[in-house]
Amino acid sequence: MENKDHSSENPTIGSLFSALPDRLSSYISELVSKPFQSGLVYFLAGLLPSLLIGWILFPMALYSKQMQPVNFSHQLHLDPEVVDTIEGDTEQERCFYCHAFRDDGTFVGIPNLESCMECHDDPESPLGETPGEEKFMREYVAEEKEIPWLVYSKQPDNVYFSHIAMVKMGEMACETCHGDHAKTDQLPVFRKNRLSGYSINIWGKNITGFKINTWDRMKMDDCADCHTEKGFEEHNACFVCHK
Ligand code: HEC
Ligand code: HEC
Ligand code: HEC
Ligand code: HEC
Ligand code: HEC
């Protein structure tokens, strides 16, 4: 069978394609030369507000903002010049002073008030002079009340996540998934998605869905992508992450 030129067999489609660039350019020149008659102005007048709503106002309304109850500075507590009793050979070992693993392998997570009171033990004699410490002493230490921290990376209850697997077996640094949180002096505002209930750290900091760093978003696919990348596809079965 010989090779046929299909466009010549079907003149309507062929001519349509060859005429397309011409029609398109005359259409565009009409749009630009007669913006009112062509409707371009009305189109833009509708487009701009919808972009404003879609890209700026909607994401702003979608997330509620909450402040942490107390500002905790990782930078200050991890500065050996200020706090010299938090020791360790590596930076990660110094994290374990507060974020330890229990003997059964479970992760302490955010430390409780008792760990803070190893140093901040007496409300009458603060360690420094800042109003932040004064408030922390008055409202929590003196009252012996736990601080209701908001957890940026909190996953839904049906997700099983094990730090010991990632940090000890997987030998991954905290920054891999949490970014530079431990270098900060001011806690970021906690932003919770009103529809899903997830924090912006899970749902994604970028509304276009574009992701640059591992820690920009931690949804189901993001977990699975890293497992595949590291050669642990076997952990991508439903029952591994959903117990
Ligand atoms: C003196 C105790 C202390 C030490 C030491 C410490 N942390 Fe924390 N960490 C906290 C407290 C309190 C919070 C809760 C407030 C906050 O979000 O920062 C916290 C929260 C965090 C969070 C936020 C988790 C989330 O999703 O909300 C990360 C990440 C974290 N710490 C990482 C580190 C790393 C990495 C190190 C070591 C470089 C470290 N921390 C050392 C006390 C400590
Ligand atoms: C190993 C000792 C130690 C531990 C444990 C510790 N702190 Fe501190 N904290 C300090 C020192 C020292 C300062 C600095 C005082 C200064 O020079 O201003 C400080 C300062 C503070 C301040 C004031 C900082 C500011 O910039 O306003 C707050 C608030 C605070 N700590 C909260 C906590 C909380 C909450 C915990 C428990 C998760 C905790 N600390 C655990 C030693 C400690
Ligand atoms: C592979 C990614 C990953 C690594 C590596 C990792 N984390 Fe996390 N971290 C998470 C996820 C996901 C959560 C939320 C878990 C959940 O809600 O069940 C979390 C939660 C936390 C929390 C809050 C726990 C709570 O009280 O609810 C702290 C604190 C924390 N991580 C600190 C650390 C520290 C310190 C390290 C390093 C020693 C570390 N993480 C390494 C992914 C990671
Ligand atoms: C940056 C890479 C990375 C990210 C992100 C990550 N993981 Fe993992 N995960 C690993 C590696 C590597 C292992 C295998 C560790 C090993 O067994 O040596 C693992 C193992 C696991 C396991 C098996 C643990 C066990 O007890 O056997 C579970 C469950 C898991 N991951 C859940 C999650 C969930 C849920 C998320 C997202 C919230 C997540 N992981 C995000 C790298 C990652
Ligand atoms: C690598 C870990 C991982 C695996 C494997 C995994 N999931 Fe998930 N899943 C998550 C995480 C993390 C979330 C929460 C974030 C999100 O919604 O993406 C989630 C959320 C969900 C939700 C929504 C729950 C809610 O409360 O919003 C459903 C439903 C779900 N997973 C079903 C499944 C099914 C079915 C499979 C198997 C085909 C599966 N998952 C495999 C990590 C995993």
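A residue is called buried if 20 or more other C-beta atoms, placed from the backbone, lie within 10 Å of its own, exposed if 12 or fewer do, and partly exposed in between. This is a predicted model, in which local features need pLDDT of at least 70 and side-chain atom pairs count only at pLDDT 80 or more, while totals for chains, interfaces and linings use all residues. Residues are numbered from 1 along each chain as its sequence is written, and chains are lettered from A and ligands numbered from 1 in the order in which they are written.

**Confidence**

Begin by colouring the protein chain by pLDDT, the predictor's confidence in each residue on a scale from 0 to 100. The mean is 87, and 90% of the residues reach 70 or more. Next select residues 1–11, where the pLDDT is below 50; beyond near neighbours in sequence, this stretch has four contacts in the model. A contact here requires the C-beta atoms of two residues, placed from the backbone, to lie within 7 Å.

**W203 and the core**

Select W203, which is found in helix 11 (residues 200–203). Helices (H or I, at least four residues) are DSSP runs numbered from the N terminus. W203 counts as buried because 20 other C-beta atoms lie within 10 Å. Residues up to four places away in sequence aside, W203 touches N193, S196 and Y198. Add K219 to the selection: 16 residues separate W203 and K219 along the chain, yet their C-alpha atoms are 6.6 Å apart.

Now extend the selection to the largest nonpolar core, made up of C177, I200, I202, W203, W215 and M218. Such a core is a set of buried Ala, Val, Leu, Ile, Met, Phe, Trp, Tyr and Cys residues joined through C-beta atoms within 7 Å. Helix 11 gives the largest share of this core, three residues. From I200, contacts outside its neighbours within four places in sequence lead to Y63, R191, N193 and K205.

**Ligand 3**

Select ligand 3 and the 20 residues that surround it, of which G109, S153, Q155, C174 and C177 are the closest. A residue belongs to such surroundings if its C-beta atom, placed from the backbone, lies within 6 Å of the molecule. Helix 10 provides the largest share of this shell, four residues; helix 6 (91–95) and helix 9 are among the helices that each supply at least two.

**Ligand 4**

Move to ligand 4, where A165, M169, G170, C223 and C226 come nearest among the 22 residues around it. Two or more residues of this shell come from each of helix 9 (163–169), helix 10 (174–178), helix 12 (220–229) and helix 13 (238–241).

**Ligand 2 and helix 8**

Finish at ligand 2. Of the 21 residues around ligand 2, the nearest are C116, C119, G128, T130 and G132. Helix 5 (74–77), helix 7 (113–116) and helix 8 (131–141) each supply at least two residues of this shell, and the largest share, three residues, belongs to helix 8.

Which residues of helix 8 are buried? They are F136, M137 and Y140. These residues lie on the same side of helix 8 because they cover an arc of only 110 degrees around the axis, the arc being that of the directions from the helix axis to the C-beta atoms. The buried residues of helix 8 pack against helix 7. Rotate the view to the other side of helix 8 to find P131 and R138, which are exposed.
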